[in-house]
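Reader: Let's go through this model briskly, one topic at a time. Please begin with the parts to be careful about.

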Amino acid sequence: MRCRILLPTPHCDPAGGRDGAPILTLVTNDPLIRPAPEHVEERPRAAAARLLLGGPVVLVTSSYRGQANVMPLAWHMPVSVDPPMVAIAVEQSRHTAELIKHSQEFVLNFPTRPLLHHVQYLGSLHGDRVDKIDATQLETFGPMKATAPLLAACAAWVECAVVEVMPLGDHILFVALVSAVQVDPASFDDGWLLGPEETRPLHYLGGTRYSFLSRVVEARVPGVSDAPERVLRDRLAEELELTKDAREKREERLDALKREVEDGRALDISGLELEVSPESVLDLSRGHVIGEPPRP
Ligand SMILES: Cc1cc2nc3c(=O)[nH]c(=O)nc-3n(C[C@H](O)[C@H](O)[C@H](O)COP(=O)(O)O)c2cc1C
């Protein structure tokens with residue numbers, strides 16, 4: 001192990017340890033015993049599932065002996081390209097789990113912004129007590145291969161035939177072959193288009209919080225002849241240079257502002273305490289346009 005130093009550092013707690021002694025920070029090059037950076041916080045293990053959230057939420061429709069049901073689901077993933085396969089994790093007590101176990105099939109319907117409140121609502125009702133499709137008056141259309149209905153207000157539909165049922169902890173993992181895919185081209189071509197908000201998929205963040213993807217950014221791809229280590233090193237250097245540039249520009253702007261304040265061409269308001277109530281922050285009616293006479 002290569003240890004560098006054992007001294008009070010800027011990371012040490014100024015209040016000291018429990019007995020008031022300074023806390024020493026170990027700086028080492030061994031990644032396994034190197035302490036976590038100060039801003040890092042520990043969370044309960046259940047947070048792992050929340051960290052993995054963010055993919056498009058789906059409405060799973062299922063049907064058995066003429067009874068159809070719908071439930072929102074965030075725990076899903078593709079598991080094979082050839083053949084195309086997906087998996088969903090459904091908690092054991094869900095009515096949907098019963099229906100899928102019997103019918104061995106399900107449909108993933110991808111809701112968009114207009115269905116936001118439906119999604120949350122459908123996640124609070126149980127299909128064994130209420131006919132959710134009927135209660136929410138959601139329009140449906142016929143499947144290509146499955147027997148469960150497809151929800152018309154969605155942007156894409158994936159029909160699935162179950163090939164494996166794996167009880168895991170308190171959930172059941174249904175692994176399925178994709179039997180048909182249909183999309184609304186306003187939302188999806190060979191990827192989500194991120195057009196108007198009402199055409200984008202909903203992303204679930206936990207609790208009652210959802211989000212949309214806001215824009216597409218393209219990553220650069222190294223050429224075949226590029227040595228990966230050199231590309232990574234160069235890209236990192238570029239990023240650092242960009243950060244340095246941005247910092248220098250900000251410092252330049254601050255210097256210019258300081259000079260304007262010194263010359264009396266700008267007012268330094270950093271020392272003033274303004275009383276701003278939360279209600280007045282966005283109330284533009286209280287202000288007046290500079291250069292125009294104040295309102296009476
Ligand atoms: C956005 C959202 C995502 C959800 N994701 C899942 C999930 O991945 N797996 C699961 O078992 N339950 C999930 N739930 C909870 C079920 O949708 C909920 O318990 C529903 O009422 C079950 O309906 P059912 O009993 O009619 O099948 C989610 C709920 C919401 C609102």
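Reader: Over residues 271-292, how many contacts beyond four places in sequence does the model have?
Author: This is a predicted model: local features need pLDDT of at least 70, side-chain atom pairs count only at pLDDT 80 or more, and totals for chains, interfaces and linings use all residues. Residues are numbered from 1 along each chain as its sequence is written. Across residues 271-292, pLDDT (the predictor's confidence in each residue, from 0 to 100) stays under 50. Contacts (C-beta atoms, placed from the backbone, within 7 Å) beyond four places in sequence number four.

Reader: Which other stretch stays under 50 in pLDDT?
Author: Where pLDDT is low, the predicted coordinates should not be read in detail. The stretch in question has 26 contacts beyond four places in sequence. It covers residues 1-17.

Reader: What is the mean pLDDT of the protein?
Author: Of its residues, 80% reach 70 or more. The mean for the protein is 83.

Reader: How many helices and strands does the protein have?
Author: Helices (H or I, at least four residues) and strands (E, at least two) are DSSP runs, numbered from the N terminus. On that basis, the protein has five helices and 13 strands.

Reader: What is the strand order in the open sheet of seven strands?
Author: Strands pair if DSSP finds at least two bridges between them. Pairing in this sheet is antiparallel. The edges are β4 and β5 (76-80), each pairing on one side only. The order is β4-β3-β7-β10-β11-β6-β5.

Reader: Which residue of β4 is the bridge partner of S63?
Author: Strand β3 (residues 58-64) pairs with β4 in the antiparallel sense, over seven bridges. For S63, the partner in β4 is A68.

Reader: At what angle does α2 run to β3?
Author: Axes are lines fitted to C-alpha atoms, for helices over the stretch in contact, and angles run from 0 to 180 degrees between N-to-C directions. Helix α2 lies across several strands, including β3, β4 and β6. Its angle to β3 is about 55°.

Reader: Which element gives the most to the shell around the ligand?
Author: At least two shell residues each come from β4 (67-73), β6 (85-91), α2 (95-103) and α3 (116-122). The largest share, four residues, comes from β4.

Reader: Which residues come nearest to the ligand?
Author: A residue is near a molecule if its C-beta atom, placed from the backbone, lies within 6 Å of it. There are 21 residues around the ligand. Those that come nearest are W75, E91, T96, G123 and G127.

Terms used. Contact = placed C-beta atoms within 7 Å.
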